[in-house]
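Here is a short set of exercises to work through with the structure open beside you. Try each task before you read its solution.

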Amino acid sequence: METRILDVFPEGYKWVVLTASLLCIECFLLGLIFINGTRKRFFTREYLDRNYGETANREFGAPPSNGGYPDAGNGLHSTAWSLEQWFNFNTAMRGHLNFVENLPAMVILTLFSGIFYPKIVFWLGLAHILFRLLFILGYVANPAYRSFGFLPMLLVLLAQIVLIIIGLWKLFFPPK
């Protein structure tokens, strides 16, 4: 008899895998659409050519790269920005980088806690997706507003940690 990979996990675990996958997709799409859109708004061809074209042509024999790469908002290509431009670009960038930095923990906690409590973790995973979006939108609007997504997101992570601890406790110390 052939065993499929998800057959070794509890029933409903496929939904946990789905939410973990959706977190990864959300991170990818926010970077691709939102951050690249923000980058194109600030690092226009006109801006790059006017401020860095001569230097880039002299040093590299080519105009500055589209989108101002590899500048992440604190490099040479952003030195001609106003403080407001710098702030707006960097809050968008920081909001996304925070997602990237926390994605491994979010996915691992989702997958591990889902082994013990797949139905609960499915809903926690969906909540996490929503709260992460609120976090980034809040961060871009005003960094103080990120707490509208951060605090509930933190509660989701803590709940997943508690579920892992309870699940492991029951695994190692089953009731008699």
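A disulfide is a pair of cysteine sulfur atoms within 2.5 Å. Keep that cut-off at hand for the opening exercise, and bear in mind throughout that this is a predicted model.

**Exercise 1. Cysteines**

Task: find how many disulfides the structure holds, and explain the result for C24 and C27.

Solution:
- Start from C24: the closest cysteine sulfur to its own belongs to C27, at 7.5 Å.
- Compare this with the cut-off: a disulfide needs the two sulfur atoms within 2.5 Å, so the sulfurs of C24 and C27 are too far apart for a bond.
- Now start from C27: its closest cysteine sulfur is that of C24, so the search leads back to this pair.
- The count for the structure is 0 disulfides.
- As for their surroundings, C24 is partly exposed at 34% relative accessibility, while C27 is buried at 7%.

**Exercise 2. The largest nonpolar core**

Task: work out which residues of the largest nonpolar core touch the most other members, and which elements supply the core.

Solution:
- The core has 24 residues, and L23, F99, L103 and M106 are the ones that touch the most other members.
- Two or more residues come from each of α1, α3 (83-116), α4 and α5 (147-172).
- Helix α4 is the top contributor, giving 7 residues.
- A separate core of 10 residues lies apart from this one, and includes Y52, W81, F89 and A92.
- Next, look around L23. Beyond its neighbours within four places in sequence, L23 contacts F99, L103, M106, T110, H128 and I129.
- For background, nonpolar side chains in soluble globular proteins tend to be buried together.

**Exercise 3. A nonpolar patch on the surface**

Task: locate the nonpolar surface patch that contains L29, and describe the setting of L29 itself.

Solution:
- The patch consists of W15, L18, L22, I25, F28, L29, L32 and I33.
- Together these residues have about 750 Å² of accessible area.
- L29 sits in helix α1, which runs over residues 13-42.
- With a relative accessible area of 37%, L29 is partly exposed. Patch members need over 30%, so L29 passes that cut-off.

**Exercise 4. Salt bridges**

Task: count the salt bridges, then examine the partners of D49, R94 and E59.

Solution:
- The total comes to 5 salt bridges.
- D49 pairs with R45, with 2.8 Å between the closest N and O atoms. The two are 4 residues apart in helix α2 (residues 45-60), so about one helical turn separates them.
- Both ends of this pair are partly exposed: D49 has a relative accessible area of 35%, and R45 is at 31%.
- The side chains of R94 and E101 also form a salt bridge, at 2.8 Å from N to O. R94 is partly exposed at 30%, and E101 is partly exposed at 47%.
- E59 bridges to R58, where the closest N and O atoms are 3.8 Å apart. Here both residues are exposed.
- Follow that last pair outward: E54, R58 and E59 are linked in a network of salt bridges.

**Exercise 5. A glycine in a helix**

Task: is G125 buried or exposed, and how far is it from R39 in sequence and in space?

Solution:
- G125 belongs to helix α4, residues 118-141.
- Its relative accessibility is 0%, so G125 counts as buried.
- G125 and R39 are 86 residues apart in sequence, and their C-alpha atoms are 29 Å apart in space.

Terms used. Residues numbered from 1 in each chain as written. Predicted model: local features only at pLDDT ≥ 70, side-chain atom pairs only at ≥ 80, totals over all residues. Heavy atoms only, no water. Patch = residues over 30% accessible without salt bridge, like charges linked within 9 Å, V, L, I, M, F, W, Y side chains within 5 Å. Areas by Shrake-Rupley, 256 points an atom, 1.4 Å probe, with all protein chains shown as cover. Salt bridge = Lys/Arg side-chain N within 4 Å of Asp/Glu carboxyl O. Buried < 20%, exposed > 50% of the residue type's maximum accessible area, 1.4 Å probe, protein only. Core = buried A, V, L, I, M, F, W, Y, C linked by side-chain atoms within 4.5 Å. Contact = heavy atoms within 4.5 Å.
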